[in-house]
Amino acid sequence: TPTSNNNTDQEALLALKAAITNDPQNLLAHNWTTTTSFCNWVGITCSNRRERVTELNFHGYIPPELANLRRMKHLLFSSNNLTGTIPHGIYNMSSLMGIGFTYNKLYGTLPKNICDNLPNLRFSLSFNYFVGAIPEEVGHLPMLRILFLGVNNLTGHIPQSIFNMTSVQNIDFSYNSLSGKNFFSSSIKMNIAGDSHHYTSICGWKSNFLLIIIPLAGTIPSQVVNLPNLYHLFLQYNNLTGPIPASVFNISTLVRISLDGNSLSGFLPKTIGNYLRDLQLLFLQDNFLSNDPSSPELEFFTSLANCRALKKLCLDNNLFRGILPRSIGNLTSNLTDLIMDNNKLVGNIPSELGNLSGLINLSLRENNLNGAVPATVASMINLQLLDLFSNQLSGSIPADLCYARSLSEVNMQWNNLSGAIPECIGLLTSLRILVLDSNALSSSIPLSLWGLKDLLVLTLSFNSLNGSLPLQVGQMAALRKLNLSGNHFSGNIPSTLGKLQRLETLSLSNNKFQAAIPESFGSLTSLTALDLSYNNLSGKIPKSLENIVSLRYFNVSFNKLEGEIPNSGGFANFTTRSFMSNKALCGPPRLQVLPCGSEPHGHSKTTKSILLRLVLPTAGS
């Protein structure tokens with residue numbers, strides 16, 4: 001039987017029970033009764049000594065009698081269909097440490113007396129329909145740790161007092177209609193344990209995040225540096241302009257900085273890493289940032305060596321101009337991502353990069369780097385991505401690359417690389433994508449390459465490779481794309497290519513292949529594009545190709561083919577351009593040729609095929 005000291009708790013719970021209109025399993029009717037102590041009721045937690053209610057996790061609406069639970073520490077009513085307003089008495093419960101009403105249908109305004117009796121609060125009202133302004137008094141909560149007001153209909157300015165709160169760790173004002181001057185205009189992300197919003201990319205990590213948006217505009221406010229316990233500064237994808245205040249890089253508690261996707265400009269200070277000893281993530285990509293032009297090298301890398309916890313460094317799509325210094329090799333071995341795409345980097349790739357044995361992703365694409373690919377890449381035993389696309393690199397592909405056994409993607413397209421593909425390439429059994437187009441590579445393809453059975457993409461177009469394709473090409477069962485166009489390959493096209501039933505794109509154009517198109521190509525049931533143009537192919541177009549219903553692009557122009565052009569399947573949609581300049585192809589009238597079986601002037605009466613005659617439009621037609 002409850003004592004007089006806790007009668008109010010029982011009465012409040014019974015009032016809550018009476019307010020419940022839908023209890024289909026009669027759980028409360030049979031369990032919440034005065035025949036047992038309310039501390040034994042389902043969903044109730046009491047203090048050990050005084051047997052007073054300390055926690056109530058229950059689905060239902062919010063009756064005002066809850067305010068009578070004077071020792072209540074946590075009100076957790078998230079993810080229900082609660083409607084109406086929060087009773088004002090709730091804000092007088094000085095014992096409360098947490099209010100959680102996210103994902104409901106609550107509405108109304110936030111009262112100005114919200115801080116009068118709530119000194120130690122974690123406050124979460126996101127995903128509701130609250131309106132009006134955020135009270136200035138919120139910034140006066142001395143021990144506030146968490147303030148989540150995102151996804152409501154709040155208006156007005158963000159109180160300046162919030163930026164003076166030394167205790168606050170996580171703030172969410174996302175998706176409201178807040179406004180103001182000299183503040184941010186889009187999103188902040190903060191790490192919130194237990195949330196389930198996930199983001200993954202090269203310049204990202206897979207963890208738990210909450211999207212936070214402060215819809216204000218201008219430069220990064222000086223108030224940010226007044227938060228001494230700041231761990232995460234996530235202001236990405238706003239319209240922020242101007243330089244990054246140098247004082248930001250003096251906040252020694254910072255673990256993650258994300259200012260990407262803005263219009264920030266100015267120099268990155270040489271001393272950027274002097275105080276950020278705990279920094280794990282630095283995302284500055286997609287801005288207009290640059291380095292001090294007084295030095296030919298990017299000197300800020302020297303100070304970043306102080307950041308021994310640094311894992312991800314993304315500076316791509318900026319205006320950094322100059323030489324990567326040798327000191328880049330002094331960065332921590334904890335670094336997993338170094339991304340500097342689309343800048344104005346020049347000079348050689350420092351061999352000291354090989355010291356970064358923890359690197360997983362290295363991308364320097366779309367710069368003006370020259371010289372050789374450093375052989376020290378062999379030391380990067382964890383490297384999975386090596387992207388050097390569109391630079392001015394020269395020399396041969398180092399055989400030492402074969403020691404980087406974790407590589408899954410290599411892209412060196414659009415460089416000046418020469419010589420042979422290393423014979424040891426077949427040792428890279430983790431390789432999934434190999435892109436070496438538009439270089440000056442020569443010799444034949446190493447036989448070991450065709451043994452990479454898990455390779456998905458192989459593109460070697462527009463080099464000077466030669467020789468014939470071996471039957472072993474049919475071993476690459478996982479292959480989705482094969483592009484060998486623009487080389488000097490010769491001989492027959494191997495029939496074993498027909499075994500690659502997952503192949504979607506096949507281009508062998510601009511080579512010296514001869515003989516017939518393999519009948520086995522009709523088994524390439526996943527194929528969407530087939531280009532065999534500009535070769536010396538002869539014979540007929542296999543009728544089995546009509547079986548490839550997914551085929552959208554087909555080109556056999558400029559060969560020596562003859563006979564009837566298939567007319568069903570994808571061929572019903574192909575135009576004359578797919579067949580032009582062959583020996584003796586015939587087809588339906590829509591291709592603007594004589595029908596098969598006709599005898600064009602100057603040919604034997606027994607001839608069953610005709611020369612393909614193009615009817616090209618005249619000028620002005």
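Visitor: Which residue in β18 stands opposite Gly 242, and how should I read such a partnership?

Guide: Gly 242 stands opposite Leu 264 in β18. Please keep in mind that this is a predicted model, in which local features need pLDDT of at least 70 and side-chain atom pairs count only at pLDDT 80 or more, while totals for chains, interfaces and linings use all residues. Residues are numbered from 1 along each chain as its sequence is written, and side-chain values use heavy atoms, with hydrogens and water left out.

Visitor: What are the strands of this sheet, and in which order do they lie?

Guide: In general, strands of a sheet pair through backbone hydrogen bonds, either parallel or antiparallel. Strands here are DSSP runs of E with at least two residues, and helices are runs of H or I with at least four, numbered from the N terminus; two strands pair if DSSP finds at least two bridges between them. In this model 3 strands form an open sheet with parallel pairing, in the order β16-β18-β20. Its edge strands, each of which pairs on one side only, are β16 (241-242) and β20 (288-290). Strand β18 covers residues 263-267 and runs parallel to β16, to which 2 bridges join it.

Visitor: How many disulfides does a search of the whole structure find, and which cysteines do they join?

Guide: A disulfide is taken to be a pair of cysteine sulfur atoms within 2.5 Å, and the search finds 3 of them. One joins Cys 39 to Cys 46, with an S to S distance of 2.2 Å. The torsion about that S-S bond is about -100 degrees, so the link of Cys 39 and Cys 46 is left-handed.

Another joins Cys 402 to Cys 424 at 2.0 Å, and with 75 degrees about the S-S bond this link is right-handed. The pair connects distant parts of the chain, 22 residues apart: Cys 402 is in the loop between β28 (392-395) and β29 (409-411), and Cys 424 in the loop between β30 (416-419) and β31 (433-435).

The sulfur atoms of Cys 586 and Cys 596 are 1.8 Å apart, and their link is right-handed, with 100 degrees about the S-S bond. Cys 586 belongs to strand β43 (residues 584-586), whereas Cys 596 lies in the segment after β43, 10 residues apart from it.

Visitor: Are Cys 402 and Cys 424 buried or partly exposed, and why?

Guide: Buried means under 20% relative accessible area, exposed over 50%, and partly exposed in between, using a 1.4 Å probe and protein chains only. Cys 402 is buried because its relative accessible area is 2%, whereas Cys 424, at 22%, counts as partly exposed. Likewise, Cys 586 is buried at 1%, while Cys 596 is partly exposed at 32%.

Visitor: Which side chain makes a polar contact with that of Thr 459?

Guide: A polar contact is a pair of N or O atoms within 3.5 Å; within protein, one must be able to donate a hydrogen and the other to accept it, and residues adjacent in sequence count only if both atoms are side-chain atoms. The side chains of Thr 459 and Asp 437 are joined in this way at 2.5 Å. Thr 459 is found in strand β33 (residues 457-459) and is buried, with a relative accessible area of 4%. Contact means heavy atoms within 4.5 Å; leaving aside its neighbours within four places in sequence, Thr 459 is in contact with residues including Leu 434, Lys 481 and Asn 483.
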